[in-house]
Amino acid sequence: MASACAAALSGRGAGSLLQFLRLLGQLKRVPRTGWVYRNVEKPESVSDHMYRMAVMALVTKDDNLNKDRCVRLALVHDMAECIVGDIAPADNIPKEEKHRREEEAMKQLTQLLSKDLGKELYELWEEYETQSSPEAKFVKQLDQCEMILQASEYEDLEKKPGRLQDFYDSTADVSLFIFNCLDSSKKRDTKEATEQDWS
């Protein structure tokens, strides 16, 4: 274990890499704003959300997608929030301003890495932001799917079905496969949804 840490942090730029990892660690302590605003007890962190998205990408079967790239996109897509925080629609910050802040944060983060690695992470983030690939579009759908799954879990834990209905409503324009994440006992109709193979 110690040797793995030494290898990861050895050589020139070790201090910058450690700074990068410390900044990234902030994501463990940044709560997802939407849940905070809805007074959810012990809301998940941004890191929690990104991790499950990455696992969802890992276990999804789709021969038309580059699975490795999907996992990487999931791990990078909210990385800027370790600096700017989780900006939610309820914050009423214009989309352009949100993008500007996150872009600056990504530049700050990636400057702490080697040139090649920094370029790779920045380009992954940019790919997701611009939705410029099938993988980026798919990971955007996973983002919504993970949110719905989390809302479902909170409703179950609180024994208050429908309390977070607005989160479901906000995904009405997303492909129907998302709703397969939900338990069949939920009031939303999933019978007509197309089946997505997660195995």
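This passage walks through the predicted model of the protein chain, from its overall build to a few of its side-chain pairs.

Start with the big picture. The protein chain folds into 10 helices and has zero strands, so reading from the N terminus on simply gives α-α-α-α-α-α-α-α-α-α. Of the 199 residues in the protein chain, 42% are buried. Looking at contacts with a separation of 6 or more, 62% link residues that sit 24 or more positions apart. As for the outside, the protein chain has an accessible surface of about 11700 Å², and carbon and sulfur atoms account for 52% of that.

Part of that surface is a nonpolar patch made by Y51, V55, L58 and V59, which together offer about 370 Å² of accessible area. One of these residues, L58, belongs to helix α4, which covers residues 46-59.

Now for the inside. Which residues have the most contacts inside the largest nonpolar core? They are F20, V76, M79, M106, L109 and V139, in a core that has 34 residues. Two or more residues of this core come from each of α2 (14-25), α4, α5 (67-76), α7 (95-110), α8 (115-130) and α9 (134-158). The top contributor is α4, which gives six residues to this core. A good place to see the packing is M106: leaving out residues up to four places away in sequence, M106 touches V76, M79, A80, L121, Y122 and W125. Another core, of nine residues, lies apart from the largest one, and its members include Y154, L164, F167 and Y168.

Helix α5 deserves a closer look. At its start, a side-chain oxygen of N66 comes to within 3.1 Å of the backbone nitrogen of D68. The buried residues of α5 are C70, V71, L73, A74 and V76, and they pack against α4, α7, α8 and α9. V76 has already come up twice: V76 is among the residues with the most contacts inside the largest core, and V76 is touched by M106.

Helix α5 also takes part in salt bridges, of which the model has 12 in total. In one of them, the side chains of R72 and D68 meet, with 2.8 Å from N to O. Both residues lie in helix α5, four residues apart, or about one turn of the helix. An α-helix has 3.6 residues a turn, so residues three or four places apart point the same way. Are R72 and D68 buried or partly exposed? R72 has a relative accessibility of 34%, so R72 counts as partly exposed, and D68, with a relative accessible area of 46%, is partly exposed too.

Helix α7 holds a pair with this kind of spacing. R101 forms a salt bridge with E97, and their closest N and O atoms are 2.9 Å apart. R101 and E97 are four residues apart in helix α7, again about one turn of the helix. R101 counts as partly exposed because its relative accessibility is 32%, and E97 counts as partly exposed at 24%.

Other salt bridges reach further along the chain. The side chains of R69 and E127 meet in one, at 2.6 Å from N to O. This pair links distant parts of the chain, as R69 sits in helix α5 and E127 in helix α8, 58 residues apart. The two ends are not covered alike: R69 is partly exposed, with a relative accessible area of 31%, whereas E127 is buried, with a relative accessible area of 9%. The reason for the two labels is the cut-off, because buried means under 20% relative accessible area.

Last comes a network of salt bridges that links R52, E146 and E153. In this network, E146 has its place in helix α9. How buried is E146? Its relative accessible area is 0%, so E146 counts as buried. What surrounds E146, leaving aside its neighbours within four places in sequence? E146 is in contact with E44, H49, R52, M53 and M56. One of these contacts, R52, is also part of the salt-bridge network with E146.

Methods. Residues are numbered from 1 along each chain as its sequence is written. This is a predicted model: local features need pLDDT of at least 70, side-chain atom pairs count only at pLDDT 80 or more; totals for chains, interfaces and linings use all residues. Side-chain values use heavy atoms; hydrogens and water are left out. Buried means under 20% relative accessible area, exposed over 50%, partly exposed in between (1.4 Å probe, protein chains only). Contact means heavy atoms within 4.5 Å. Accessible areas come from the Shrake-Rupley method with a 1.4 Å probe; for residues, only the protein chains shown count as cover. Patches are made of residues with over 30% relative accessible area and no salt bridge: like charges are joined within 9 Å, nonpolar side chains (Val, Leu, Ile, Met, Phe, Trp, Tyr) within 5 Å. A salt bridge is a side-chain nitrogen of Lys or Arg within 4 Å of a carboxyl oxygen of Asp or Glu. A nonpolar core is a set of buried Ala, Val, Leu, Ile, Met, Phe, Trp, Tyr and Cys residues joined through side-chain atoms within 4.5 Å. A polar contact is a pair of N or O atoms within 3.5 Å; within protein, one must be able to donate a hydrogen and the other to accept it, and residues adjacent in sequence count only if both atoms are side-chain atoms.
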